[in-house]
Amino acid sequence: MNNQRRNVLRLTSVIALMVSTGLISSAQAAEWNKAAFEGKNLDDVLKAIGGTKAEASADIIMRAPDIAENGAVVPVGVETKLKASQIVILVEKNPSSLAAQFMLPEGAEAFVTTRVKMGQSSNVHALVKADGKWYIATKEIKVTLGGCGG
Amino acid sequence: MQTKYAPFIFASLLSLGSASVFSQSATDEIAKYREMIADGNPSELYEMAGEELWKQQAGPKKATLEKCDLGLGPGVVDGAAAQLPRYFKDTDRVQDLESRLMTCMQTLQGIEQTEIINGAFGKGARKNVEAIVAYVVTHSKDMKINVPATHPKEKEMVALGQKMFFYQGGPMDFSCASCHSSSGQRIRLQDLPDLTTQAGSALGWGSWPAYRVSSGEFWTMQRRLNDCFRQQRMPFPIYGSDVTIALSIFMANKGDGGTVQTPGLKR
Amino acid sequence: MNTTYLRYCTSAVLLASLALSVQAQTVDAKFDAMLKDGFRAEGIAGLDRLKQDQIQAICSDTELRQTPAAQKILIEQQTKAMADIKPPSDGKYLGSWKAGEAIAQSGRGATWSDTTKAPNGGGCYNCHQISKQEISYGNIGPSLAGYGKARGTSEAILTYTWNRINNSKAYNACSNMPRMAHFNLLTEQQIKDVMALLLDPESPVNK
Amino acid sequence: MADPMRIRAAEKDGIVDVKVLMKHDMESGQRKDAAGVVIPAWFIQTVVAQVKGKTVFSAEFGPAVSKDPFLNFKIKGAAKGDEIVVDWVDNKGDKRSDKAKIT
């Protein structure tokens with residue numbers, strides 16, 4: 001355990017050096033939480049991002065349509081007055097629930113908008129980490145069939 | 001026959017009230033959805049690529065398209081899309097933006113038109129045409145559609161386009177008019193512009209080309225028409241053919257004076 | 001489909017005699033050339049699809065359509081369409097509403113990107129409200145929500161509905177609705193299933 | 001090489017509103033090609049935005065982010081004229097870096 005941690009630390013400093021010398025880009029150095037993206041439901045994802053339970057919060061504003069004209073592009077915006085350090089967007093009924101997560105360093109506003117794919121009508125969750133605790137807001141988005149269907 | 005109709009119509013009227021209220025709320029939500037995705041139209045990515053292609057040396061003649069005459073003089077891009085389709089003396093033909101770009105690529109760069117005509121959407125040389133279209137139409141955004149069709153050849157093409165618009169065929173008896181000749185109509189939840197009116201044509205013609213979120217691609221007017229014909233169960237319209245240009249100038253002329261809103265963002 | 005087309009193929013002579021003016025005929029000549037040069041066959045969508053039968057030819061021309069000569073032909077065609085409708089071979093009008101719902105939902109079939117191997121859809125929701133649960137429906141045709149509940153399943157309603165789906169042009173030669181049986185767009189069984197969707201008391205349409 | 005991004009960054013009342021469009025297919029790994037073979041997942045995994053060498057925002061994407069991804073976020077502590085640099089890298093190691101001046 002200790003050893004492993006030391007290795008991780010050593011790796012982190014090596015990566016930092018590579019970024020500063022331009023060998024790799026900052027995006028290459030950034031972490032990608034594989035376990036979280038493999039999660040099949042809210043609990044799986046919450047566990048993988050270091051949470052246990054999330055408390056429902058009215059302070060999280062989700063901007064998303066009630067009906068999406070096409071599941072390929074569903075706009076989802078999350079904004080909160082909580083002191084957020086991380087925002088996570090999940091689509092409950094997708095094959096893997098986690099769609100995207102955002103890290104907000106000091107100075108970033110607790111605001112993000114992106115677009116996600118939805119295979120079918122589903123609950124969409126916004127998780128917000130603030131002061132070490134997880135909060136959640138949920139909205140149901142209906143996905144309709146459009147066009148001539150051919 | 002009258003008696004057969006009666007119960008049918010009566011029942012339809014009965015259900016109409018609740019149905020329209022119901023669909024109204026769904027339509028409002030769809031409008032909200034469209035508004036949300038309008039900010040950040042991925043067609044900007046095509047436009048960037050198109051601008052580069054316009055200014056890049058290409059083809060056997062290693063030339064750029066910067067001397068291409070889209071109707072307002074060599075190299076003029078601002079406002080060019082708003083006055084197309086139009087008659088061109090050098091080709092003695094009414095041309096839309098895409099057929100005109102093919103002419104320029106042939107004469108200036110030496111790229112064979114047949115390569116583009118026989119190609120496929122989103123591939124090869126035609127993909128380049130599509131990106132250039134995104135670039136050119138962006139430079140007419142918010143301008144007035146200016147297709148009065150005063151030249152005799154333009155007038156003739158408008159008449160031919162109108163005939164095509166109403167021409168039924170195929171195993172479903174569809175014409176463009178089947179879906180686009182009265183207002184307030186929808187297929188599923190998609191509003192269908194009435195292309196027989198100025199306002200409807202201005203809206204329909206004026207918001208294509210567009211980025212289609214359902215396919216994740218930028219669709220030019222040629223591609224829009226191609227898929228209309230596919231859904232009409234017609235045979236395959238040849239890229240840049242007079243059929244497609246006639247329909248385009250019919251719509252553009254009908255929508256004359258309306259506003260160019262391209263590139264649009266569509267389902 | 002080819003043979004059907006040939007059977008109903010427009011007599012050029014007849015149409016020419018109906019044409020309004022010499023000027024229109026010049027445009028017609030150019031139009032024919034434009035059609036010929038403008039399309040190619042692709043997959044199952046052959047060039048024969050551009051050949052119009054009498055109904056298509058007359059319904060395409062809003063002025064011609066108003067002339068007494070054209071009206072006469074349309075009424076003849078309507079009568080013929082009605083006479084050509086075959087009642088269900090086993091006398092049963094209603095199939096499975098569940099299968100009917102799937103047919104109503106699917107807009108596939110008969111395009112150049114389709115094959116003849118997969119069954120066609122009816123594309124019904126493109127133009128009609130049907131089951132109230134489906135909020136994504138078109139309005140080119142009348143709403144069919146509660147169709148059976150409002151009408152019941154008398155012999156008259158069964159045959160009227162059957163006829164409408166088989167060939168809507170039997171009632172109105174220029175109806176927008178595709179001729180499902182005439183052009184083999186739906187099989188007899190598929191039409192029975194759509195009938196059940198509209199008329200079966202258990203169907204969500206009538207709940 | 002990957003296609004360029006479109007970055008727009010505008011400052012108002014001390015807050016910089018950043019909008020980024022990335023050109024990427026974001027293949028989900030759920031789709032099949034015409035022959036019925038699954039098209040392997042191919043998607044952007046990490047996005048990092050920096051101003052003056054300091055990370056101001058970062059994102060991790062899964063394959064459920066839409067094709068041609070769009071991001072809108074807001075940061076503080078940057079001024080008009082500063083340069084914002086956005087990097088992304090996908091699961092095949094393809095990457096792209098673009099920058100824009102804050103207006």
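A residue counts as partly exposed when its relative accessible area lies between the buried limit, under 20%, and the exposed limit, over 50%. D:Asp25, at 44% relative accessibility, therefore counts as partly exposed. The model toured here is a predicted one.

**Stop 1: a salt bridge in chain D**

Select D:Asp25 together with D:Lys67. Their side chains meet in a salt bridge, with 3.7 Å from N to O. The pair links distant parts of the chain, 42 residues apart. D:Asp25 is in the loop between E2 and strand E3 (44–51) of chain D, while D:Lys67 is in the loop between strand E4 (54–61) and E5 of that chain. D:Lys67 counts as partly exposed, at 22% relative accessibility.

**Stop 2: D:Asp82**

Remain in chain D and select D:Asp82, in the loop between E5 and strand E6 (83–90). Is D:Asp82 buried or exposed? Its relative accessible area is 16%, so D:Asp82 is buried. A polar atom of its side chain lies 2.9 Å from the backbone nitrogen of D:Ala79. To see what else surrounds D:Asp82, display D:Val51, D:Lys52, D:Ala100, D:Lys101 and D:Ile102, with which it is in contact when neighbours within four places in sequence are left aside.

**Stop 3: the sheet of chains A and D**

Next, show the strands of chains A and D in cartoon form. Which order do the six strands of the open sheet follow? The order is E2(A)-E4(A)-E7(A)-E5(D)-E2(D)-E1(D), and the pairing is antiparallel. At the edges stand strand E2 (60–63) of chain A and strand E1 (6–12) of chain D; each has a single partner strand, so one side of each is left without a neighbour in the sheet. Neighbouring strands of this sheet are turned by 15° against each other on average, direction ignored.

Where the two chains meet in the sheet, select strand E7 (residues 108–116) of chain A and strand E5 (residues 70–76) of chain D. Three bridges pair these strands in the antiparallel sense. Two facing positions can be labelled here:

- A:Val112 is opposite D:Phe73 in E5(D).
- A:Ala108 is opposite D:Ile75 in E5(D).

On the chain A side, add strand E4 (residues 74–80), which six bridges join to E7(A) in an antiparallel arrangement. A:Gly77 can be labelled opposite A:Thr113 in E7(A). Why is E7(A) described as largely enclosed by the rest of the structure? Eight of its nine residues are buried.

**Stop 4: chain A as a whole**

Hide the other chains and view chain A alone. Chain A contains four helices and nine strands. Along the sequence, its pattern reads α-α-α-α-β-β-β-β-β-β-β-β-β. Of its 150 residues, 47% count as buried. Among contacts in chain A with a separation of 6 or more, 60% are between residues 24 or more positions apart.

**Stop 5: chain B against chain D**

Restore chains B and D, then select helix H2 (residues 43–54) of chain B. This helix lies across E1 and strand E2 (15–21) of chain D, running at about 115° to E1(D). Now display the side chains of B:Glu44, B:Glu47, D:Arg6 and D:Arg8, which are linked in a network of salt bridges. Over all chains, a search of the whole structure finds 39 salt bridges.

**Stop 6: helix H1 of chain B**

Move to helix H1 (residues 2–38) of chain B and select B:Glu29 and B:Lys32. These residues form a salt bridge in which the closest N and O atoms are 3.5 Å apart. Being three residues apart in H1, B:Glu29 and B:Lys32 are separated by about one helical turn. B:Glu29 counts as buried at 16% relative accessibility, whereas B:Lys32 is partly exposed with a relative accessible area of 34%.

**Stop 7: chain C**

In chain C, select C:Glu202 and C:Lys207. The two form a salt bridge, with the closest N and O atoms 3.5 Å apart. C:Lys207 is exposed, with a relative accessible area of 54%.

Finish at C:Glu101, found in helix H6 (residues 97–105) of chain C. How far away is the nearest side chain of opposite charge? That side chain, B:Arg188, is 7.4 Å away, and C:Glu101 is buried yet has no salt bridge. A polar contact of 2.8 Å joins its side chain to that of C:Tyr125. Neighbours within four places in sequence left aside, C:Glu101 is in contact with C:Tyr125, C:Ser131 and C:Leu197.

Conventions. Residues are numbered from 1 along each chain as its sequence is written. Chains are lettered from A and ligands numbered from 1 in the order in which they are written. This is a predicted model: local features need pLDDT of at least 70, side-chain atom pairs count only at pLDDT 80 or more; totals for chains, interfaces and linings use all residues. Side-chain values use heavy atoms; hydrogens and water are left out. Two strands pair if DSSP finds at least two bridges between them. Axes are lines fitted to C-alpha atoms, for helices over the stretch in contact, and angles run from 0 to 180 degrees between N-to-C directions. Contact means heavy atoms within 4.5 Å. Buried means under 20% relative accessible area, exposed over 50%, partly exposed in between (1.4 Å probe, protein chains only). Lys and Arg count as positive and Asp and Glu as negative; His and the chain ends are not counted. A salt bridge is a side-chain nitrogen of Lys or Arg within 4 Å of a carboxyl oxygen of Asp or Glu. A polar contact is a pair of N or O atoms within 3.5 Å; within protein, one must be able to donate a hydrogen and the other to accept it, and residues adjacent in sequence count only if both atoms are side-chain atoms.
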